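Okay, everyone, thanks for making time. I've got one protein for you today, so let me put it up on the screen.

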Amino acid sequence: MSIFRIGVWGLALLAPPASTVSVDEAILSDIMTSFVGHEASTCITADTASSTSFTFNWPGSSDPTSKWYPPHVGFEEDLFQAAMSHDDGSGRRSWTIRIGTGGNMYSHYAPDLHGESMAPQAHGDAPWIDEVQQQVAVNNNLNNQAPWNRPYFHHQAGAYQRDGSYTTVPFYSPSFARHCAGNTCTFASWGTQAHVPTPFTAPVMFITRYTNCGSGVIELTQAMHNFADVASGTTVDQNYFNVGWGGVRASRLPFALEASSSEGSSTDSLDFANPDYVDTMGQCPWQVSHSSPGQMTNLDQTPGYTAFATSGLLSNDATLPELPCRDNSISCSTNVGGCMVTSCTDAQVSSGSHTRVALRVSPGSTPNCSSHSFTYTREGVTYPGMRCDLRDTGFGRNFANSCEPWARFGFKRMDTGAVLEVAYVKHWTWNSGDEDTFLAIYEEDAATARSTFNSFFDNTADTVNNLDIEVVLMTTTSPPADYNPGVTESAFTYVYGRGEDYSQLPSPNAGDGSV
């Protein structure tokens, strides 16, 4: 569970601290209790202090358990600021989180459940910069506005590596203060302009508190302070925020879930026992997430939580992947990247304005599959990619919308009705001059995968007709009588409250840089 609280606060003048209170502790305590709308934690220290541990000493790489993207493993030691753990005793809900110098969580490891929750950090110019849990503050009066026309995004974690020789290694936001005691760790950091080079200063402090509530629950309290110089005459308010920003490891947590109940409607229930009422949504990358229904919903429009669940969860909400179409008004031979659309209607196909991709194997032939460099990983198992001759020429470049929650599907021989399950489709089409579809099946050996697919869709015996192939749902059955995802599955869940919790906070000093 995560409780996000963004508030306005000011530093009070402090009396000289007692000798047993560090400066960091005194300042952070004042910060976390002096903002408008402050509420005391509901987690009881006495209940969880004994199960909480923490360290500021580098404990060694987390790669042996978390399995980070290999080229970036060496950056973790510079990133590390603290580790905090909960020991669940005989239960399964122990966890360890690692916190970067920016005060943000970059690792959440549940050893008795799904392992590492955070993304593997394969982002080329942003290891532990983007796909981590963090706060982001934006000034939309300056973001991509004249005269500078440059992005204005404060990252809690750090800056992208996009400034030549200045950013050959990651820059992580520096720490201002840190303190851990009892069941709580609190951090303050100096936020960084993410898009460098930049003409802007970085006047935002991020404050983050993690409280162990027991039973696997972490209370996350977040605050921001804008210390911009209002005398500059520049509009300095931060007026757009990403809170709860983060990435999860989709190979471990492939289902993204929101509203669900026994009636299939949006309620407070976290009931996922009935597959008919498990409401999934996409995990599309940021740049295409606007096309994924429900994925970009503002927090005040949600049921108050988002859960990312393991693959054994049963859901009937997922759909078949759609076959793309060619817009016949655009030549794929001259505009290979612009002639394709994700889908089209039957009416458009009938009118001739669009042509939908149809899968087939040519007469007297096999799919002629050959290996390709891409791979597909599911539940820790990697399957080799291949390219197979499965469609007509004349189609352009298509990226299969694999970030949407697809149901289990297969390719069906229309002559015999036999179905082969397909693990993943990367591209339905690529170039107008070839017949390639790029896919993976559930075979770990590349030679076996090619042989299996070529043999299954062998059409050499028919030298006259195409072997037509249909994309179909795999046969599903009702959940077994003892099906209980609360026992067999696990999830990483943000609980952030209902819409009324996101009403505008009082801002008596709006315009002076306090927000």
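So, before anything else: what is the mean pLDDT of the protein, and what percentage of its residues reach 70 or more? This is a predicted model, and the mean comes out at 86, with 87% of the residues at 70 or more. Now, the weak spots. Residues 1–14 have pLDDT below 50, and in the model that stretch makes 60 contacts beyond near neighbours in sequence. Then there's 260–268, where pLDDT stays under 50 as well, with 23 contacts beyond four places in sequence. Keep those two in mind as you look around.

On to the fold. You're looking at seven helices and 30 strands. Of the 515 residues, 46% are buried. If you take contacts between residues at least 6 apart in sequence, 67% of them join residues at least 24 apart. As for the surface, about 23900 Å² is exposed, and carbon and sulfur atoms supply 50% of that.

The bit I want to spend time on is the second largest pocket, at about 810 Å³. It has 31 lining residues, and the closest to its centre are Arg93, Ser490, Ala491, Phe492 and Thr493. Which element gives the largest share of the lining? That's S30, with four residues. S30 covers 491–495, and it's one of the elements supplying at least two lining residues, along with strands S4 (105–110), S14 (217–226) and S18 (305–309), and helix H7 (485–488). In terms of character, the lining splits into 19 nonpolar residues, nine polar and three charged.

Okay, that's me. Questions?

Key: Residues are numbered from 1 along each chain as its sequence is written. This is a predicted model: local features need pLDDT of at least 70, side-chain atom pairs count only at pLDDT 80 or more; totals for chains, interfaces and linings use all residues. Side-chain values use heavy atoms; hydrogens and water are left out. Buried means under 20% relative accessible area, exposed over 50%, partly exposed in between (1.4 Å probe, protein chains only). Contact means heavy atoms within 4.5 Å. Accessible areas come from the Shrake-Rupley method with a 1.4 Å probe; for residues, only the protein chains shown count as cover. On a 1 Å grid over the protein atoms alone, a cavity is a set of points where a 1.4 Å probe fits but cannot get out, and a pocket is an open set with protein on both sides within 12 Å along at least five of seven lines; lining residues have an atom within 4 Å of a point. Grid points are joined across faces, edges and corners, and a volume is the space filled by probe spheres set on the points. Ala, Val, Leu, Ile, Met, Phe, Trp, Tyr, Cys and Pro count as nonpolar, Asp, Glu, Lys and Arg as charged, and the others, Gly among them, as polar. pLDDT is the predictor's confidence in each residue, from 0 to 100.
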